[in-house]
Amino acid sequence: MVNIKRNLLFLLLLCNSIPIFSQNTPAYSELSKYSNFGFTLGGVLFDKAKIDFEEGSYNISTFPIASYSFGFYFDFPIHGKWSMQTGLIFVREAALAIRYSFNDEDILSTQVQRQRVVDSPFFTKSIPLSVKFKTKVSKKSYLELKLGMKTMLLLYGSVGCTNVFVCDSGLCSNFRLLMYSPKAFFHGSVLSSVGYVIDLNKVLIGFELSRTINFQNTFSGRFRFYNLITNPDAYGYYNLSGDYWALNININFKKIKKKK
């Protein structure tokens, strides 16, 4: 992980040493009217978490988590159809997405039998660095391919849930899940994308489908079913990779013309 951070820092310093060009390249000078600075907004779909039982088995499942992202980016033309891109991206990070239920013989008649819990309490900040290839597919449209890495800041924290019900002694519980993010704040990942960009004369708009794969889980923890009337306790592990698909809209506006 230390080597990844050093490599990303080196690439960022390299990018900062490159003069700030406009959008135009020798291949597509018609894009010189647009700024290199752009905005991005999109929907995110996180992969579902993995459930592994250590002891016993019971009724629990996970599902993909929908979220969103936003941010800005900057392009550094390299040569011809090639450029580098960096920026700052904010993502509403997924954490908890489970369904669990109890068998009739394991609960009192007044207890809730089924539960669905979703929680996404954290925003992460990411600095991506990728190489982009752009090629023209029609008079006003372009195809973009990107491949790179990103460094994500995820602060250490915990997320959990407990199923509580009223019993003879007061309040009791029969299910609990508690998980934590890694103690290391910075996380690395690989990103790739394919996009379609349209020149609308007043704005350059792109539609991008991307995939992010992390080098480590974003959340890991344990769950347990207990205080069941008939069945024995069951417990295991909950692991969320944090990998996701994203569909983004990217916008570049025209450069502001300076008055003479």
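# Exercises on strands, salt bridges and cores

K132 and E144 form a salt bridge in which the closest N and O atoms are 3.5 Å apart. The model is predicted, so local features need pLDDT of at least 70 and side-chain atom pairs count only at pLDDT 80 or more, while totals for chains, interfaces and linings use all residues. Residues are numbered from 1 along each chain as its sequence is written, and side-chain values use heavy atoms, with hydrogens and water left out.

## Exercise 1

Place K132 and E144 in the chain, state whether each is buried or exposed, and find the network they belong to.

Solution.

Step 1. A salt bridge here is a side-chain nitrogen of Lys or Arg within 4 Å of a carboxyl oxygen of Asp or Glu. K132 lies in strand β8 (residues 122-138) and E144 in strand β9 (residues 141-153), so the bridge ties together parts 12 residues apart in sequence. Strands (E, at least two residues) and helices (H or I, at least four) are DSSP runs, numbered from the N terminus.

Step 2. K132 has a relative accessible area of 4% and is buried; E144, at 10%, is buried as well. The classes are buried under 20% relative accessible area, exposed over 50%, and partly exposed in between, with a 1.4 Å probe and protein chains only.

Step 3. Salt bridges with shared partners join D75, K132, K134 and E144 into one network.

## Exercise 2

Describe the salt bridges E30 to K136 and D47 to R211 by distance, location and accessibility.

Solution.

Step 1. The whole structure holds 10 salt bridges. In the one between E30 and K136, the closest N and O atoms are 3.1 Å apart. E30 sits in the loop between α1 (2-16) and β1 (34-46) and K136 in strand β8, so this pair ties together parts 106 residues apart in sequence.

Step 2. E30 is partly exposed at 29% relative accessible area, and K136 is partly exposed at 35%.

Step 3. For D47 and R211, the closest N and O atoms are 2.9 Å apart. D47 is in the loop between β1 and β2 and R211 in strand β13 (residues 203-214), a separation of 164 residues.

Step 4. D47 counts as partly exposed at 24% relative accessibility, whereas R211 counts as buried at 17%.

## Exercise 3

Give the strand order of the five-stranded sheet, and explain which strands stand at its edges.

Solution.

Step 1. The sheet is open and antiparallel, in the order β2-β15-β14-β11-β10. β2 and β10 (158-167) each have a single partner strand, so one side of each is left without a neighbour in the sheet. From one strand to the next, the twist averages 20°, taken between axes that are lines fitted to C-alpha atoms, with angles from 0 to 180 degrees between N-to-C directions.

Step 2. Two strands pair if DSSP finds at least two bridges between them. β2 (residues 50-55) and β15 (residues 234-240) are joined by five bridges, and I51 stands opposite Y238.

Step 3. Strand β14 (residues 219-225) is joined to β15 by seven bridges, with R224 opposite Y235. β10 and β11 (residues 170-180) pair over 10 bridges, with V159 opposite M179.

## Exercise 4

Work out the order and edges of the three-stranded sheet.

Solution.

Step 1. The order is β3-β6-β7, in an open sheet with antiparallel pairing. β3 (60-62) and β7 (114-119) are the edge strands, each pairing on one side only. The twist averages 15° from one strand to the next.

Step 2. Three bridges join β3 and β6; T62 has I98 as its bridge partner in β6.

## Exercise 5

Identify the residues of the largest nonpolar core that touch the most other members, and describe the surroundings of D199.

Solution.

Step 1. A nonpolar core is a set of buried Ala, Val, Leu, Ile, Met, Phe, Trp, Tyr and Cys residues joined through side-chain atoms within 4.5 Å. The largest has 32 residues, of which L96, I98, F175, L177, F225 and Y238 touch the most other members. β6 supplies the largest share, four residues. A second, separate core of six residues includes Y28, Y142, V197 and L204.

Step 2. D199 belongs to strand β12 (residues 186-199) and is buried, at a relative accessible area of 5%. Not counting residues up to four places away in sequence, D199 touches L31, K33, Y34, K140, Y142 and L204, where contact means heavy atoms within 4.5 Å.
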